[in-house]
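Q: I'm new to this one and would love a close look at one part of it. Could you take it slowly and keep it informal?
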Amino acid sequence: MNSTIMENCQRELERRRTAAVVRQAERTERIAREIPQVLAIQKELGLTSVRLSKMILEKRTDLAQGLEQLKGANLALQAQEKELLASKGYPADYLELHYTCPACKDTGYVNGKPCACLTELIRRERLRELNRVSNLELCDFGSFQLGYYSTERDPATGVVPRKIMEEIYQFCRSYAENFRPDSRGIFMIGDTGLGKTHLSLAIAQGVIAKGFTVAYGSAQDFLRTVEEEHFGRAPDQDTLEGLLDVDLLILDDLGAEFPSPFNLATVYNLINTRCNRRKPTIISTNLTAQELEQKYSHRVVSRLFSLLDCLRFVGKDIRQIRSRQGR
């Protein structure tokens with residue numbers, strides 16, 4: 001575990017504990033103004049330990065009876081406190097400490113074991129580190145313009161680009177709206193400038209809005225970071241584990257990275273492990289199927305086409321069209 005990640009998580013837990021105390025103090029001040037009798041009752045309840053100590057020190061022979069009387073008095077006071085709070089519309093636990101995580105009281109541990117909230121904090125901190133190097137900028141579906149795609153049938157392929165791209169657009173929109181942690185992944189293939197990045201980022205925006213975690217970045221950047229950490233050329237930020245664990249991983253521009261046995265093995269590991277864990281991955285590439293075969297092993301390419309839903313982008317480079325139009 002990277003020490004910086006754990007330190008950041010511990011700081012967040014400390015912030016939550018402090019915030020809980022501050023909120024309780026604010027509620028107490030409010031009740032002191034509106035229902036001062038409640039504070040008097042709490043003061044009386046606070047004297048319980050003093051009375052109990054006195055009973056023990058006096059070595060009373062009727063200690064059991066005294067304890068029952070003390071317990072009864074406390075229960076009566078607690079009931080009175082709840083009635084007073086309810087009379088003003090406050091819940092019975094209004095003056096108690098309300099932690100973000102009641103299970104561990106924002107300490108991060110339950111019975112000496114990491115709490116689920118700490119595990120989630122670690123997961124999200126890893127994600128923050130991942131996206132720090134990815135320059136994540138979100139697009140949305142509303143800004144995707146189908147008007148850039150031709151309505152004329154392509155004589156070489158026999159398809160109408162706008163029709164194909166409208167189907168892809170609707171598929172991606174539906175994917176984001178119905179996203180689940182076990183959704184199938186997507187393999188976007190096509191020439192540069194056809195909208196692969198735009199639609200993958202639009203999906204990211206929709207998935208993030210639903211509360212899921214997303215890591216987006218170029219395959220080249222992620223693989224370089226994993227390699228540097230693996231060989232000790234950079235501090236270990238658990239990048240690989242973060243990529244394997246995030247709800248949705250988006251690898252942009254697969255094939256632009258430097259070819260090496262390490263990168264080949266890492267790409268296969270990412271695809272295979274995430275598929276085995278039933279975690280969706282969106283991968284885009286500008287390479288053709290033949291070029292992918294030349295760059296990667298048949299084993300990698302077969303996983304891409306068999307385990308992910310393949311979307312073949314068509315049309316002409318939108319960036320060049322916009323540049324000619326002066327946009």
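How many salt bridges does a search of the whole structure find?

A: A search of the whole structure finds 9 salt bridges. Keep in mind that this is a predicted model. The basic idea is simple: side chains of opposite charge can pair when their charged atoms come close.

Let's begin with helix α1, which covers residues 3–34. There, R15 and E12 form a salt bridge, with 2.8 Å between the closest N and O atoms. They sit 3 residues apart in the helix, so about one helical turn separates them. That spacing suits a pair, because an α-helix has 3.6 residues a turn and residues three or four places apart point the same way. R15 counts as partly exposed, at 47% relative accessibility, and E12 is also partly exposed, at 22%. This pair has company, too: E12, R15 and R16 are linked in a network of salt bridges.

Further along α1, R30 forms a salt bridge with E34, and here the closest N and O atoms are 3.3 Å apart. These two are 4 residues apart, so again about one helical turn lies between them. R30 is partly exposed at 37% relative accessibility, and E34 is partly exposed with a relative accessible area of 37%.

Now hop over to helix α6, where K163 and E167 are 4 residues apart, or about one helical turn. Their side chains meet in a salt bridge of 2.9 Å, N to O. E167 is partly exposed, at 44% relative accessibility.

Helix α6 (161–177) also leads us to the next stop, since it is among the elements that cover the buried residues of helix α7. β3, β4, β5 and β6 are included in that cover as well. Helix α7 itself runs over residues 196–209 and reaches 20 Å from its first C-alpha to its last, close to the 20 Å expected. Its buried residues include L199, L201, I203 and V207. Just after α7, G211 takes a positive phi of about 95 degrees.

Those strands belong to an open sheet of 5 strands, in the order β4-β5-β6-β3-β7, with parallel pairing. β4 and β7 are the edge strands, each pairing on one side only. Neighbouring strands are turned by 10 degrees against each other on average, direction ignored.

β3 is a good strand to zoom in on. 5 of its 5 residues are buried, so β3 is largely enclosed by the rest of the structure. Both of its faces are covered, with G185, F187 and I189 on one side and I186 and M188 on the other. That fits a general pattern: in a regular strand the side chains alternate between the two faces of the sheet.

β3 pairs in the parallel sense with β7 over 5 bridges, while 4 bridges join β3 to β6, also running parallel. Look at I189 in particular: its bridge partner in β7 is R312, and its bridge partner in β6 is T285.

β6 pairs with β5 as well, parallel and over 3 bridges, and I250 has I282 of β6 as its bridge partner. Across β5, β6 and β7 lies helix α10 (residues 261–276), running at about 155 degrees to β5. Helix α12 (residues 298–307) packs on the sheet too, touching β3, β6 and β7, and its direction makes about 90 degrees with that of β7.

Note on methods:
Residues numbered from 1 in each chain as written. Predicted model: local features only at pLDDT ≥ 70, side-chain atom pairs only at ≥ 80, totals over all residues. Heavy atoms only, no water. Expected span 1.5 Å × (residues − 1). Buried < 20%, exposed > 50% of the residue type's maximum accessible area, 1.4 Å probe, protein only. Contact = heavy atoms within 4.5 Å. Pairing = 2+ DSSP bridges. Axes fitted to C-alpha atoms, helices over the stretch in contact; angles between N-to-C directions. Salt bridge = Lys/Arg side-chain N within 4 Å of Asp/Glu carboxyl O.
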